[in-house]
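Hi everyone, thanks for coming along. I'd like to walk you through one model today, so let's put it up on the screen.

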Amino acid sequence: MNATGLSDIEQARFNMVEQQIRPWNVFDKKVLQALFDVPRERFVPQGMQAMAFSDVELPLIINAIDSHETMLTPKVEARLAQDLLLEPTDCVLEIGTGSGYQAALLGRLAQQVTTVEIDSRIAAFAADHLQREHVNNVNVEVGDGHAGWGTAEYDAILLTGSVPIIPDALKYQLCVGGRMVVVVGNQPVMTAYRITRTSAASFETQSLFDTVIKPLRGTAQPQFKF
């Protein structure tokens, strides 16, 4: 994309991609196009639009109440999307919906996304944004997905919060050839891994990059759909 003649907001989006995301080894053309196509500024909390393209985690403040959760930085969101190695026919499970922006990115790259959020207020916040932006291939569900979600198998699974160990239950929800990207560890050392299911009982683990993100929340919650 040529930066000449862009509006201020498109210039900010261009700078985000060129100055934050590409230097973090995000080169997949489909992912980069999704970053231009999905308006991140429309998924941030009210009053934070000016910060939408900044290299910081943004607090998810919903109706003036701090949810104590955050949007990941743009470069981490982009890298997670790229490292799932998505195909247009893939069905994806995301654990931890947040603002809905990551799910919208995945929806640009895959056929169908099921995203699970433990906090019903955050889930409603995300569902509203996704509906408003006409993202029709993402389903928001409420509940605790850290130890698995339903019985379906998926082509790709993404956890948007860190976990102390890789959850076996979610590994077995991958179809053969499916990939899971998950950040594992405790502060101050965490590593993102890609787990690929190579057969019914075999998995391959690849270290991707080091980062630090908030832990995934997980307690028993009722399950329902928006």
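Let's begin with a single residue: in which strand does Leu158 lie? That would be E6, the strand that covers residues 154-159. Before I go further, please keep in mind that this is a predicted model.

So, is Leu158 buried or exposed? Leu158 is buried, because its relative accessible area is 0%, and the cut-off for buried is under 20%. As for who surrounds this side of the strand, Leu158 touches Leu80, Leu84, Leu93, Glu94, Ile95, Gln102, Leu106 and Val181, leaving aside residues up to four places away in sequence. There is also a spacing you can check on your screens: 9.4 Å separates the C-alpha atoms of Leu158 and Val183, and those two residues are 25 apart along the chain.

Now for the empty space inside. How many cavities of 30 Å³ or more does a search of the whole structure find? The search finds one, and the space in this largest cavity comes to about 360 Å³. Its lining is made of 28 residues, and Glu69, Gly96, Thr97, Gly98 and Thr160 are the ones nearest the centre. Strand E2 (65-71), helix H4 (101-109) and strand E4 (112-117) are the elements that give two or more residues to that lining, and E2 gives the most, with three. If you sort the cavity lining by type, you get ten nonpolar, twelve polar and six charged residues.

Next, the largest pocket. This one holds about 180 Å³ of space. Thirteen is the count for its lining, given as 13 residues, with Val44, Pro45, Gln46, Phe125 and His129 nearest the centre. Strand E1 (58-62) and helix H5 (120-132) each supply at least two of the lining residues. Which element gives the most to this lining? It is H5, with three residues. By type, the pocket lining has six nonpolar, four polar and three charged residues.

Last stop: a helix pair. Helix H1, residues 8-21, packs with helix H2, residues 29-37, at an angle of about 145 degrees, and their axes are 9 Å apart. The crossing of H1 and H2 is right-handed. On the H1 side, the contact uses Arg13, Phe14, Val17 and Ile21, which meet Leu32, Leu35 and Phe36 of H2. The residues of this contact split into six nonpolar, no polar and one charged.

That's my tour, and I'm happy to go back to any part of it.

Notes. Residues are numbered from 1 along each chain as its sequence is written. This is a predicted model: local features need pLDDT of at least 70, side-chain atom pairs count only at pLDDT 80 or more; totals for chains, interfaces and linings use all residues. Side-chain values use heavy atoms; hydrogens and water are left out. On a 1 Å grid over the protein atoms alone, a cavity is a set of points where a 1.4 Å probe fits but cannot get out, and a pocket is an open set with protein on both sides within 12 Å along at least five of seven lines; lining residues have an atom within 4 Å of a point. Grid points are joined across faces, edges and corners, and a volume is the space filled by probe spheres set on the points. Helices (H or I, at least four residues) and strands (E, at least two) are DSSP runs, numbered from the N terminus. Ala, Val, Leu, Ile, Met, Phe, Trp, Tyr, Cys and Pro count as nonpolar, Asp, Glu, Lys and Arg as charged, and the others, Gly among them, as polar. Axes are lines fitted to C-alpha atoms, for helices over the stretch in contact, and angles run from 0 to 180 degrees between N-to-C directions. A crossing is left-handed if the near helix is turned anticlockwise from the far one by less than a right angle, and right-handed if clockwise. Contact means heavy atoms within 4.5 Å. Buried means under 20% relative accessible area, exposed over 50%, partly exposed in between (1.4 Å probe, protein chains only).
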